[in-house]
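Hello,

Here is the structure I promised to pass on to you. Have a look at it first, and then read on for what turned up.

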Amino acid sequence: HKSKMPVICICNDRQSPKIKSLANHCLDLRFRRPGPKEVAIALRRVAKAEGYDADAPTLEKVAEACNADIRQMLNLLQMWRPRGANLSQADVTSNMVAAFKDVDVGPFDVAHKFFNHANASVESRLRHYFVDSSMTPLLVQESYLSVHLNMPPGMPPARQQMHTLQRMAAAAESIAEADTVGVRITRDQ
């Protein structure tokens, strides 16, 4: 039975046992990761469409630092959007120091930071999120109920339980809304 709507599956590890059983029923198309020069050309078009300019060596440096991960590069370019008309190599160098200080960490290393660093900057939280944007929300969802809440001073013990339940319900609703937004964003790409 053939589907009228194709199903497209993407993987990074073709040799994974999870993929082997599926691969027997698929058209296997292999792509190579684009090189920094190829990515720089595409990023330059994006920068121009956004109203600023960046030279090829600057964009190649971004591509190399991101290992040609297009999503991460677009996210960084959006966060680093220059105040002037140009994104310079000096801008990229200074921004990369902050953006890549967690380059050797995985999603299990950063998930707890969403809870333990409540006053972290948005840039820091985005950096932690993009360590693995598909796994991090799952780890947050798995962990949020075990977080110790700080109670307002002087709250009676009987009210503390209700306060805890209300905070948990609000967190669950925020996670569901974030998932809905994520699905809508990726659905149209």
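Let me start with one lysine: K48 is exposed, because its relative accessibility is 54% and the cut-off for exposed is over 50%. Please keep in mind as you read that this is a predicted model.

What does K48 pair with? Its side chain meets that of D53 in a salt bridge, at 3.9 Å from N to O. D53 also has a salt bridge with R44, where the N to O distance is 3.6 Å. Together, R44, K48 and D53 are linked in a network of salt bridges. The other two members of this network are partly exposed: D53 has a relative accessible area of 25%, and R44 has one of 30%. As general background, side chains of opposite charge can pair when their charged atoms come close.

R44 also takes us to the next topic, the packing of two helices. R44 belongs to α2 and is among the residues of that helix that meet α3. Helix α2 covers residues 36–49 and helix α3 covers residues 56–65. Two packed helices are described by the angle between their axes and the distance between the axes. Here the angle is about 115° and the axes lie 8 Å apart. The crossing of α2 past α3 is right-handed.

Which residues make this contact? On the α2 side you will find P36, K37, V39, A40, L43 and R44, and on the α3 side A56, L59, E60, A63 and E64. Sorted by kind, the residues of the contact are seven nonpolar and four charged, with no polar ones.

Two of the residues in that contact, K37 and E60, are worth a look of their own. They form a salt bridge whose closest N and O atoms are 3.6 Å apart. This pair links distant parts of the chain, with K37 in helix α2 and E60 in helix α3, 23 residues apart. Are the two partners buried or exposed? E60 counts as buried, because its relative accessibility is 18% and the limit for buried is under 20%. K37, on the other hand, is exposed, with a relative accessible area of 57%.

For the full tally, a search of the whole structure finds five salt bridges, the ones above among them.

Enjoy exploring it, and do write back with any questions.

Best wishes

Key:
Residues numbered from 1 in each chain as written. Predicted model: local features only at pLDDT ≥ 70, side-chain atom pairs only at ≥ 80, totals over all residues. Heavy atoms only, no water. Axes fitted to C-alpha atoms, helices over the stretch in contact; angles between N-to-C directions. Helix = DSSP H or I, 4+ residues; strand = E, 2+ residues; numbered from the N terminus. Left-handed = near helix turned anticlockwise from the far one by under 90°. Contact = heavy atoms within 4.5 Å. Nonpolar A, V, L, I, M, F, W, Y, C, P; charged D, E, K, R; others polar. Salt bridge = Lys/Arg side-chain N within 4 Å of Asp/Glu carboxyl O. Buried < 20%, exposed > 50% of the residue type's maximum accessible area, 1.4 Å probe, protein only.
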